[in-house]
Amino acid sequence: MDGPTPSAPISPMPRHSPQWGDRIFAVLVGLGGVAVLVIVFAVMGVLFYQSADSFHAFGWQFLVNTRWDVRHNVYGVVPFVSSTLLTSAIALLIGFPIAIGSAIFLTTQAPRWMRGPIGSVIELLAAIPSVVYGFWGLYVLGPYMRTTVEPALYRYLGWTGAFSGTPTGTDVLTAGVILAIMVIPTIAAISRETLIAVPISQKEAALSLGATNWETTRVAIVPYARSGIFGATILGLGRALGETMAVTMTIGNHDAVPTSFFSQGQTIASLIANELTNSNGPLQYSAIIEAGLILLFISLGVNIAARLMLWKVLRVERGSTE
Amino acid sequence: MGSTKVKVDHVSAYYGKNRAISDVSVEFEDRKVSAIIGPSGCGKSTLIRCLNRMHETLPRTRIEGRILLDGEDILELDPVHVRRRIGMVFQKPNPFVTMSIYDNVSVALRFNGRHSRDEIDRAVVRSLQQAALWEEVKDRVDAPALSLSGGQQQRLCIARALAAEPEVLLMDEPCSALDPIATTKIESLVNELKNTYTVIIVTHNMQQAARVADNTAFLYLGKLIEVGPTEDLFERPKERLTEQYITGRFG
Amino acid sequence: MTVLAGLCALVALIPLASVVFQAATLGGPVLSISFLTQNPPLPCTPQPGIPCATGGVGSAIQGTLILVGLATAISVPVGLGAAIYAVEFRSRFLGLAISFTADVLTGVPSIIAGVFIYAYFVIYDPSIVFSTITGALALSVIMIPIVTRTCEEALRTVPHAVREAALALGISRWRTTLQIVVTTALPAIVTGILLSVMRASGEAAPLLFTAFGSRLGFQGFNNPINALPLLIYNFAESPYHNWIDLAWGAALILIILILITSVISRLVVQRMVHRMQGG
């Protein structure tokens, strides 16, 4: 007796073999992946290429020269690096405590119903565009600094010599304050994540010893979240270093090393914004690009450091069974 | 029967709408070891966590009834003070990971106000001795707590709890995460501790209860089924359920 | 101590309140239909008897929509593709490299993105340096890493068991990925895309040297184009009152847009999750 010969399969065959579709898919998707890698190298490549003139002209002097002299075509990056570092330092000095305080408040002290809404609102701070902050800084914060804050600072702290010059409200200090505002949500949001990731067993250990809510936070939770908080801060620093619009509109745009908090200054980012298309010749243009390259390296370096730190902390916690 | 240290009076505890323990009344004798046994889910952890008011640190929890410590209802007192008088050791050792051995033990002292460096030193040594850990760590008290083995970490947690000089020590399945050797060390430790402290220990291991406890309470599905001197409970159980559990009819 | 911490949270919120308040009070009065449709007027200082034209920000709104739309069209396939490659082909070194690179790229200053495109086109094709195309490309440089990263996280949350079940049924790899894995992770993917759209809509720095800005509406892909953030930047620093008023209006619109996008993305995601759970 003939058994049925298996000729046609029971389920319908796809019109083309799956391998074909899979291969095309892999290629398409791979292109996307390659594009991401290409972007990094392309950015660096273009910047390197365009800053070659400046590098040939000034060499390593570029990194230590404090003059940005358009008339004599001599350029150095120190004024901008110092303003960048100064404004970022101000941003962290002001922003870090506020961000950490908020994060601690929201994760441990605030009543539960408050935590979600207020957390979302603080994250909304991060969504406001830089240019809007700059605008506000120009018309609200700047005048406020000029009329109220800076005279007071001069009165009480003028003896330190760090607050000399006429308070104008458009200076490195104001730019630093705006950066602080912009950096707070970043630091707060990530710190919150690390604080929440602290295993509950640590908290219970403290409570069982008769610790108050605050003592528990201080002894068991915050120390555990230390490296995560540090990583969050570094990430905030990375953001502050690259901010352009808000800084350009509030810093005064003066190409020299700032000598006081009331000095006008120029960060690398604001330098580019102001002078890239208005440069007086190819050498200045190349110098501006080289400054941009330096900014890129600093930002990338800081970001990589932050990510490495956070990667360890957050991935480990997500995998923890507690 | 000696004097009562802790009296649980018609206590029910809830997680949201779930009633984990129903109308439990039991007395724990002063300076004795009392075990709470029962199958998983019977509410023994919940009960012990009520005794130092840890139960209410979780959201949407509730306790009804009274819990008396030397006659005072702890549910009316400040929980922070209650937890200084009633200490706890948890199932999984939970030393503070960022601190050294020394700092872990001295934490409670630092909460309770000013102590001189000298006093703290002496208290740390004393607590580590009471926890039978001193000999093993005496030349490395500044080492990180995590450098200790699991069993040592648990003894560290015991030392840490004892440093606060509680009157009662609660132990929530303290040996379930430990190997047999470490378990034996802790069991003999418990035997020593009862000279100074009232110990209440939750265990899912009946043999352990038989080894360490003077009195034993049997819980099932949130209700207290039977309580009494350990020997009586195991050899002459009064309730059928108790007998079934002890003879292994259910886990 | 709680009070101190609470104060910090409060202090953090004050600038937000101030910015929104300012934009609302100065920008609110300017809003109108003509504000949304007309193009910006010429700069003018009001003379007695001759008021300045009010105009509107129509060209900026149009420009933002076109630029962000184009950039999204470029960034989503690339970003999603990269994310899929990184997650599904993870065992290869390339996958890890892509993941890390995208992570790091999100930290590149947005102005560098603009400089990159500008510097490239200055050499490659100077005639279109200031154009819609370059503007969209610059925004893409910013959006792609964000899309990649968020999609990657979204795809990672899909349990391996789902993929295995599909593959075991004989479904081809590409179908499994697109029709099953991506669909499962869709809420998070959509959120990520909306996040990058929000970010791109507010960026001015990358457009300074690419889209460049213009008073007029869309003039073709090869010509400069306006955008809301650019308008704000250009007008805010000008001495002309009619322009400054328009800038506040534009700022208010941006803030409202962001709020709406934020709320919509949350609602849409909730709906999607609800539906997927069979609610």
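User: What makes the lining of the largest cavity count as 10 nonpolar, 2 polar and 1 charged residues?

Analyst: The model is predicted. Leu, Val, Ile and Pro count as nonpolar. Among the 13 lining residues, those closest to the cavity centre are C:Leu105, C:Val108, C:Val141, C:Ile142 and C:Pro145, so these five fall in the nonpolar class. Over the whole lining the classes come to 10 nonpolar, 2 polar and 1 charged.

User: Why is this space called a cavity?

Analyst: A cavity is a set of points where a 1.4 Å probe fits but cannot get out. The space in question holds about 110 Å³, and the structure has 3 cavities of 30 Å³ or more.

User: Which elements give two or more residues to the lining of the largest cavity?

Analyst: They are helix H1 (18-58) of chain A, and helix H5 (110-124) and helix H6 (132-156) of chain C. H6(C) gives the most, with 4 residues.

User: How do you know that the lining of the second largest cavity has no polar and no charged residues?

Analyst: The lining consists of A:Ile39, A:Val40, A:Val43, A:Met44, A:Leu296, A:Leu300, C:Leu105 and C:Val108. Ile, Val, Met and Leu count as nonpolar, so the division is 8 nonpolar, no polar and no charged. The volume of this cavity is about 40 Å³.

User: Which helices supply at least two residues of that lining?

Analyst: H1 and helix H11 (282-319) of chain A. The largest share, 4 residues, comes from H1(A).

User: Why is the pair C:Asp103 and A:Arg307 called a salt bridge?

Analyst: The closest N and O atoms of C:Asp103 and A:Arg307 are 3.7 Å apart. The rule asks for a side-chain nitrogen of Lys or Arg within 4 Å of a carboxyl oxygen of Asp or Glu, so the pair qualifies. The rule finds 1 salt bridge across the interface of chain C and chain A. The same interface has 7 residue pairs in polar contact, both residues being at pLDDT 80 or more.

User: What does each chain bring to the contact, and which helix gives the most on the side of chain C?

Analyst: Chain C brings 74 residues and chain A brings 69. On the side of chain C, helix H1 (residues 2-27) gives the most, with 13 residues. By class that side has 55 nonpolar, 14 polar and 5 charged residues.

User: How much area do chain C and chain A bury between them?

Analyst: About 6,300 Å² is buried between the two chains, with 82% of it on carbon and sulfur atoms.

Conventions: Residues are numbered from 1 along each chain as its sequence is written. Chains are lettered from A and ligands numbered from 1 in the order in which they are written. This is a predicted model: local features need pLDDT of at least 70, side-chain atom pairs count only at pLDDT 80 or more; totals for chains, interfaces and linings use all residues. Side-chain values use heavy atoms; hydrogens and water are left out. Contact means heavy atoms within 4.5 Å. Buried area is the accessible area (1.4 Å probe) that two parts lose on being put together, summed over both. A polar contact is a pair of N or O atoms within 3.5 Å; within protein, one must be able to donate a hydrogen and the other to accept it, and residues adjacent in sequence count only if both atoms are side-chain atoms. On a 1 Å grid over the protein atoms alone, a cavity is a set of points where a 1.4 Å probe fits but cannot get out, and a pocket is an open set with protein on both sides within 12 Å along at least five of seven lines; lining residues have an atom within 4 Å of a point. Grid points are joined across faces, edges and corners, and a volume is the space filled by probe spheres set on the points.
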